[in-house]
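Here is a short tour for anyone who likes to see where a fold hides its side chains and where it shows them. Have the viewer open and follow along.

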Amino acid sequence: MKKILWLQTGGTINCRKTDAGLAPAAEAETAVSVSGVSYDSEAIFSLDSSNITPGHWQMLAEKVFNAGGVYDGFVITHGTDTLEYSAAALSLMLYDFMKPVIFTGAMLPPHESDSDARLNLTAAFEAARDLKSGVYVAFAGKLIHGISCAKVHTKEKDAFIDTGIYGPVTELTAVKRRIAGAGSVPLCEKVFVIKITPNMNGDIASFILEKGYRGVVCEGFGLGGIPYGLLERLGGLVKSGVRVVVVSQCLYGGADLNVYAAHRKAQEFGLEAWNMTGAAALVRLMIELGGEHHEN
């Protein structure tokens, strides 16, 4: 019999009708009955996932890490809007954790007759029972790597995909070195995300510097394209001590700054290419910058 800890955070899977509209309740109405599983349940917080912050990621990571000696696996129910961020965060924050951590949620609340809440929750408990380790998202009959998960639909039950982009494990050794065995992971929240657009100029670089941001994630075109005028200004940020990383806006394939001459300029200016989703890159940069500050 596997013992599972179910951590509830709110979201649609916990929602009930109110006069003001759907709102997450403290405890889910959905019951769970999975062969070979016993579980404890705790509402660690109750939020619409739009209100979940990096501080909540830390709470979840610490809770899971500290309970690792008691439970065989973990299920985290979560709102779908920012689930990919939380799943990516725990994938990195619990990099060496040798128990399964399964996120799930629902597109329709449990009280609706065609809700997907029960199916997704059951699948999450089965995955927590059967897997040996790793952070995953169980949704619509799929098991998705937490670090490469992306939400692609606002209404359909099959709302998430596995992009498959998370780079080789060796890319994560810097993160691993800083947080291995740690229940609390320091995060630097002064990381700015830019989605590159054809009309973008370099003014945003001045804003980033003025506001004291220590890192930037650029979601570039295709393999990581950035207009040259902006690229020069981003290079100036790097010279000022700001780390700038590039990911792709595309869902599949990832960034590669070695193919085109225009893209190689980014490397000359000191920008880094990370083969990750934007959500995963944001979290990784927060962890790496937080680790550097903690070490200093």
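The report below goes from the whole chain to two helices and then to two loop residues.

**The whole protein**

Please keep in mind that this is a predicted model. Its secondary structure comes to 8 helices and 14 strands. Of the 296 residues in the protein, 49% are buried. Among contacts with a separation of 6 or more, 72% join residues that are 24 or more positions apart. The accessible surface comes to about 13100 Å², and carbon and sulfur atoms hold 50% of that area.

**Two helices, each with a buried face**

The table sets out helices α1 and α6.

| Helix | Residues | Length | Distance between end C-alpha atoms | Expected span | Arc of buried residues |
|---|---|---|---|---|---|
| α1 | 54–66 | 13 residues | 18 Å | 18 Å | 155° |
| α6 | 228–239 | 12 residues | 17 Å | 16 Å | 150° |

In α1, the end-to-end reach is close to what is expected at 1.5 Å a residue. Its buried residues are Pro54, His56, Trp57, Leu60, Ala61 and Val64. Viewed down the helix axis, these buried residues of α1 fall within an arc of 155°, so they line one face.

For α6, the distance between the end C-alpha atoms also agrees with the expected 16 Å. Which residues of α6 are buried? They are Leu230, Leu231, Leu234, Gly235 and Leu237. Because the buried residues of α6 lie within an arc of 150° about the axis, they line one face of the helix. What covers them includes the strands β11 (191–195), β12 (215–220) and β13 (243–248), together with the helices α5 (203–210) and α7 (261–268). After α6 comes Gly241, with a positive phi near 100°.

**Two loop residues**

Is Thr163 buried or exposed? This residue sits in the loop between β10 and α4 (173–179), and its relative accessible area is 6%, under the 20% cut-off, so Thr163 counts as buried. Leaving aside residues up to four places away in sequence, Thr163 touches Ser148, Ala150, Leu251, Tyr252 and Thr277.

Val152 belongs to the loop between β9 (149–151) and β10 (160–162). With a relative accessible area of 40%, Val152 is partly exposed. On the surface, Val152 forms a nonpolar patch with Leu251 and Tyr252, and together the three have about 280 Å² of accessible area. Leu251 and Tyr252 thus appear in two places: in the patch with Val152, and among the residues that Thr163 touches.

Technical notes:
Residues are numbered from 1 along each chain as its sequence is written. This is a predicted model: local features need pLDDT of at least 70, side-chain atom pairs count only at pLDDT 80 or more; totals for chains, interfaces and linings use all residues. Side-chain values use heavy atoms; hydrogens and water are left out. Helices (H or I, at least four residues) and strands (E, at least two) are DSSP runs, numbered from the N terminus. The expected span of a helix is 1.5 Å times one less than its number of residues. Buried means under 20% relative accessible area, exposed over 50%, partly exposed in between (1.4 Å probe, protein chains only). The arc is that of the directions from the helix axis to the C-beta atoms. Patches are made of residues with over 30% relative accessible area and no salt bridge: like charges are joined within 9 Å, nonpolar side chains (Val, Leu, Ile, Met, Phe, Trp, Tyr) within 5 Å. Accessible areas come from the Shrake-Rupley method with a 1.4 Å probe; for residues, only the protein chains shown count as cover. A salt bridge is a side-chain nitrogen of Lys or Arg within 4 Å of a carboxyl oxygen of Asp or Glu. Contact means heavy atoms within 4.5 Å.
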